[in-house]
Amino acid sequence: DPDQYLGLLDDAFVIVDDQDVTSEPAPDGDAVTATVETDPVLHAGDAADDPAIWPHPTDPSQSLVIGNDKGGALDVYDMQGRLVQRIEEGFFGNVDVRTAVTTGTTTRDIAAVYRSGLRLYAIDPESRRLTNATDSSTGSVPVPTGGEGLCLYQSPRSGSTYAFVISRGGTIAQYELTDADADGLVDATRVRQWSLGSEAEGCV
């Protein structure tokens, strides 16, 4: 009886579930067969992780799946699951993609990933290959807090694109993607940072 809660709690909502309790439960243990499966990563165990899908601008069948092999690579697959590119440079964290990202005078599709810092890749729609476009001599923008979790955000108001890098300890650092020196490479400037106070990784 929802009335029993009145006056006991502030701003409490009681939702009555009118679902038919006699309905059949969902089947348990049914096998699900994949329509498409990617080529295996090079490493066994908890290795294949954190994929993102890049949508081709004109032909959806030419889209890509970008995911990390935590054993030491960033793998790029076509929509049939075939490996089209492997970037072997050590541990990669989470991946995210955004289309039509403008930095300076350049607009392109990018993939962002955690790799010893924040790393930005340009995605070529013709070759469907990733090229490091980070404005850093090391290939990654240093992230003092460390990290692994990562996601991108584009502001509908300003058009600016931001990367959020999350450390396992729960610190989130937000970086604005720019091209301050107009060299065609992507800069990343930290604009704020905060702590969740608990372990964290994934974000969207």
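Which residue in β7 stands opposite Ala-111? Tyr-121 does. That little pairing is a good way into this predicted model, so keep the 3D view open as you read.

## The overall picture

Scroll through the whole protein and you'll count zero helices and twelve strands. Written out along the sequence, the pattern is β-β-β-β-β-β-β-β-β-β-β-β. Of the 204 residues, 40% are buried. If you take the contacts with a separation of 6 or more, 43% of them are between residues 24 or more positions apart. The accessible surface comes to about 12,000 Å², and carbon and sulfur atoms own 50% of that.

## The sheet that holds Ala-111

Back to where we started. Strands β5, β6, β7 and β8 make an open sheet in the order β5-β6-β7-β8, and the pairing is antiparallel. The two edge places go to β5 (95–103) and β8 (130–132); each has a single partner strand, so one side of each has no neighbour in the sheet. Going from one strand to the next, the twist averages 40°.

A bit of background helps here: strands of a sheet pair through backbone hydrogen bonds, either parallel or antiparallel.

Now zoom in on β6 (residues 106–114). Seven of its nine residues are buried, so this strand is largely enclosed by the rest of the structure. On one side, seven bridges join β5 to β6, and Thr-102 has Thr-107 in β6 as its bridge partner. Six bridges join β6 to β7 (residues 118–123), and these two also run antiparallel. Besides the Ala-111 and Tyr-121 pairing, Ile-110 has Ala-122 in β7 as its bridge partner.

How does the chain get from one strand to the next? Between β5 and β6 there is a hairpin with two residues in between, and Gly-104 in the turn has a positive phi of about 65°. Then β6 and β7 form a hairpin with three residues between them, where Ser-116 in the turn has a positive phi of about 55°.

## The sheet earlier in the chain

Four more strands build an open, antiparallel sheet in the order β1-β2-β3-β4. Its edges are β1 (48–54) and β4 (83–87), and each has a single partner strand, so one side of each is left without a neighbour in the sheet. Neighbouring strands here are turned by 20° against each other on average, direction ignored.

Look at β3 (residues 73–77) and β4: they pair in the antiparallel sense over four bridges. One spot to find is Tyr-77, whose bridge partner in β4 is Leu-83.

There's a loop worth a look too. Thr-58 sits in the loop between β1 and β2 (64–69). Is Thr-58 buried or exposed? Its relative accessibility is 68%, so Thr-58 counts as exposed. Its C-alpha atom is separated by 9.2 Å from that of Pro-125, although the two residues are 67 residues apart along the chain.

## A disulfide and some rings

The structure holds one disulfide. Cys-151 and Cys-203 form it, with their sulfur atoms 2.2 Å apart. The pair links distant parts of the chain: Cys-151 is in β9 (residues 149–154), while Cys-203 is in the segment after β12 (187–195), 52 residues away. The torsion about the S-S bond is about -120°, so the disulfide is left-handed. As for the two ends, Cys-151 is buried at a relative accessible area of 5%, whereas Cys-203 is partly exposed at 27%.

There are also two aromatic pairs, compared here:

| Pair | Type | Centre to centre | Angle between planes |
|---|---|---|---|
| Tyr-153 and Tyr-162 | stacked | 6.5 Å | 25° |
| Phe-164 and Trp-194 | edge-to-face | 6.4 Å | 75° |

Phe-164 lies in β10 (residues 161–166) and Trp-194 in β12, so this pair ties together parts that are 30 residues apart in sequence.

How covered are these rings' residues? In the stacked pair, Tyr-153 is partly exposed at 39% relative accessible area, but Tyr-162 is buried at 15%. In the edge-to-face pair, Phe-164 is buried, with a relative accessible area of 15%, and Trp-194 counts as partly exposed at 30%.

Technical notes. Residues numbered from 1 in each chain as written. Predicted model: local features only at pLDDT ≥ 70, side-chain atom pairs only at ≥ 80, totals over all residues. Heavy atoms only, no water. Buried < 20%, exposed > 50% of the residue type's maximum accessible area, 1.4 Å probe, protein only. Contact = heavy atoms within 4.5 Å. Areas by Shrake-Rupley, 256 points an atom, 1.4 Å probe, with all protein chains shown as cover. Pairing = 2+ DSSP bridges. Axes fitted to C-alpha atoms, helices over the stretch in contact; angles between N-to-C directions. Disulfide = S-S within 2.5 Å. Phe/Tyr/Trp six-rings, centres within 6.5 Å; stacked < 30°, edge-to-face > 60°.
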